[in-house]
Amino acid sequence: MIEIKHLRTLSVLRDTGSLTATANTLCLTQSALSHQLKDLEQRLGGQLFLRKTRPVKFTAEGQILLRLADDLIPRITKAEHELASLKEDTNGRLHMAIECHSCFQWLMPALKEYQIHWPSVTLDFSSGFGFEPIPALSAGELDLVITSDIQPRNEIHFEPLFDFEMRLIVSPQSHLVDKEYISPEDLLDQTMLTYPVQKNRLDVVKHFLQPAGIEPNHWKQADNTLMLIQMVSAGLGVAALPNWAVYDYARQGLIVSKPLGDGLWRRLFAGVRASERERHYLSAFFATAKQQCQTHLEGIKPA
């Protein structure tokens, strides 16, 4: 007997206090509004409000329906917004920057899985090494930044993905193999191999060498993780890499992995604009990335 339009009409009638204002608000003619209300009263077998009162006074039957309207209309409106948001999210954009060369090792499989369920989300990449990605994220030029170097800002939400340990990898022939752990002083006479990133943005510099005032003897750069591993294996230097990125190579005996001090643990985040953190396609990316990493990466911990 009761339709949603009836509940909306009664709610507006209570808010406006008159039939004329209600008709104008609902874009109905006075005749159509009167017909709708009389039809409902006939269905219910009772009067809903007292005519010719200002403001309108509702009967007991009308009060029951108003309470129903107060309960249902906000829930219906919320569901409508969620459905509209979901429809919009299926055609979203995920333009990301990755401030972690090693992350491509897990990111590509995670994105492959993600695209199976979100095929209409447009994916794109920018290098996070030649510019400052967080300001670009704030400005809307990027939609997501993978980083361990968070810069707290009110407009940015940093979603924790997982915790990982930075390890020093050395050649099996290095004298550092016999060390239980690596101290900053152990790197004074070493050639430090790194990705092509500014030194002040490297975790091993910011959180291990710099606090101790230590500068390695030489620095060299390599473009990717495999090249770094091969150079270390050949005795051309040492490198600090995430535990999950070196696990397989250490297991094969190509390199030896050592803790930095008591253990240099870092946390990886996905940064997004705070205003968009609840978007369904972003929440789905967070969930997919966490699940894929926990399933396939060795030595990491849930954030």
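Start by selecting helix α1 (residues 4-16) and helix α3 (residues 30-44) in this predicted model. The two pack at an angle of about 115 degrees, so α1 and α3 are roughly perpendicular to each other. Their axes are 11 Å apart. Turn the view until one helix lies in front of the other, and you'll be looking at a left-handed crossing of α1 past α3.

Next, bring up the side chains where the helices touch. On the α1 side, pick K5, H6, T9 and L10. On the α3 side, the contact is made by L33, Q36, L37, D39, L40 and R43. Try colouring them by class: this contact of α1 with α3 has four nonpolar, three polar and three charged residues.

Now zoom in on H6, which sits in helix α1. Is H6 buried or exposed? Its relative accessible area is 2%, and under 20% counts as buried, so H6 is buried. What is H6 in contact with, leaving aside its neighbours within four places in sequence? Select M1, Q36, D39, L40 and R43, and you have the answer. Among these, Q36, D39, L40 and R43 are also on the α3 side of the helix contact you just coloured.

Last stop: helix α2, residues 19-26. Go to its N-terminal end and click on S18, which caps the helix there. Check the distance from a side-chain oxygen of S18 to the backbone nitrogen of A21, and you should get 3.1 Å. Then follow the chain along to C27, which comes after α2. Have a look at the backbone here: the phi of C27 is positive, near 60 degrees.

How values were computed: Residues numbered from 1 in each chain as written. Predicted model: local features only at pLDDT ≥ 70, side-chain atom pairs only at ≥ 80, totals over all residues. Heavy atoms only, no water. Axes fitted to C-alpha atoms, helices over the stretch in contact; angles between N-to-C directions. Helix = DSSP H or I, 4+ residues; strand = E, 2+ residues; numbered from the N terminus. Parallel < 35°, antiparallel > 145°, perpendicular 65-115°, else oblique. Left-handed = near helix turned anticlockwise from the far one by under 90°. Contact = heavy atoms within 4.5 Å. Nonpolar A, V, L, I, M, F, W, Y, C, P; charged D, E, K, R; others polar. Polar contact = N/O pair within 3.5 Å; in protein donor to acceptor, adjacent residues only side chain to side chain. Buried < 20%, exposed > 50% of the residue type's maximum accessible area, 1.4 Å probe, protein only.
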